[in-house]
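Please look through the sequence and the structure that follow, and keep both at hand while reading. The paragraphs below go from how burial is judged to single residues, and then to the chain as a whole.

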Amino acid sequence: MNPLKLLFLFCIATLAGCSQARAPSFLLFGSYFPSWLIGVGVAIPIVLLIRMVLIRTGIEDYLPARLLVYVSMVVLCTMAFAFIYSPR
């Protein structure tokens, strides 16, 4: 298959998720904030609490890549918040 056709199909497939609807957001203090941004603000303290629990139980010593694990937890909590509490 022609590489140009493959590029065209790739572009069509990636643009299929775009729509005219606005991004999910919350109205706070007279300004709209994206739901994922609020989710990050909620997720970081939750992951810090999880980290304290892991340190106290001694599980943190066995984590292979701590930074990657904690960043992944923040991303997971952020996406869960944005999915559950999205106004749409």
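A residue is called buried when its relative accessible area is under 20%, exposed when that value is over 50%, and partly exposed in between. The model is a predicted one, and Glu60 is a useful residue with which to begin reading it by that rule. Glu60 has a relative accessibility of 9%, and because buried means under 20%, Glu60 counts as buried. In the chain, Glu60 is found in the loop that runs between α2 and α3. Once residues up to four places away in sequence are set aside, Glu60 touches Arg51, Leu54, Ile55, Arg66 and Tyr70.

Two of the residues touched by Glu60, namely Leu54 and Tyr70, also appear in the contacts of Leu63, which, leaving aside neighbours within four places in sequence, meets Leu54, Val69 and Tyr70. Leu63, Leu54 and Tyr70 are in turn members of the largest nonpolar core, which has six residues in all and is completed by Ala43, Val47 and Val74. The elements that give two or more residues to this core are α2 and α3, and the largest share, three residues, comes from α2.

How do the two helices that contribute to this core lie with respect to each other? The axes of helix α2, residues 35-57, and helix α3, residues 66-84, come within 7 Å and cross at roughly 135°, and the two helices are therefore oblique to each other. The handedness of this crossing of α2 and α3 is right-handed. As for the residues that form the contact of α2 with α3, they divide into 16 nonpolar, three polar and one charged.

Ile46, which lies in helix α2, gives a further view of how these parts of the chain are placed. The C-alpha atom of Ile46 is separated by 8.3 Å from that of Val74, although the two residues are 28 residues apart along the chain. Ile46 has a relative accessible area of 37% and is therefore partly exposed.

Elsewhere in the chain, Tyr32 has its place in strand β2, which covers residues 31-34. Is Tyr32 buried or exposed? With a relative accessibility of 51%, Tyr32 counts as exposed. Even so, when neighbours within four places in sequence are left aside, Tyr32 is in contact with Ser25, Phe26 and Leu27.

These elements can now be set within the whole chain. The secondary structure comes to three helices and two strands, and read along the sequence they follow the pattern α-β-β-α-α. Of the 88 residues in the protein chain, 16% are buried. Finally, among contacts in the protein chain with a separation of 6 or more, 52% are accounted for by residues 24 or more positions apart.

Technical notes. Residues numbered from 1 in each chain as written. Predicted model: local features only at pLDDT ≥ 70, side-chain atom pairs only at ≥ 80, totals over all residues. Heavy atoms only, no water. Axes fitted to C-alpha atoms, helices over the stretch in contact; angles between N-to-C directions. Helix = DSSP H or I, 4+ residues; strand = E, 2+ residues; numbered from the N terminus. Parallel < 35°, antiparallel > 145°, perpendicular 65-115°, else oblique. Left-handed = near helix turned anticlockwise from the far one by under 90°. Nonpolar A, V, L, I, M, F, W, Y, C, P; charged D, E, K, R; others polar. Core = buried A, V, L, I, M, F, W, Y, C linked by side-chain atoms within 4.5 Å. Buried < 20%, exposed > 50% of the residue type's maximum accessible area, 1.4 Å probe, protein only. Contact = heavy atoms within 4.5 Å.
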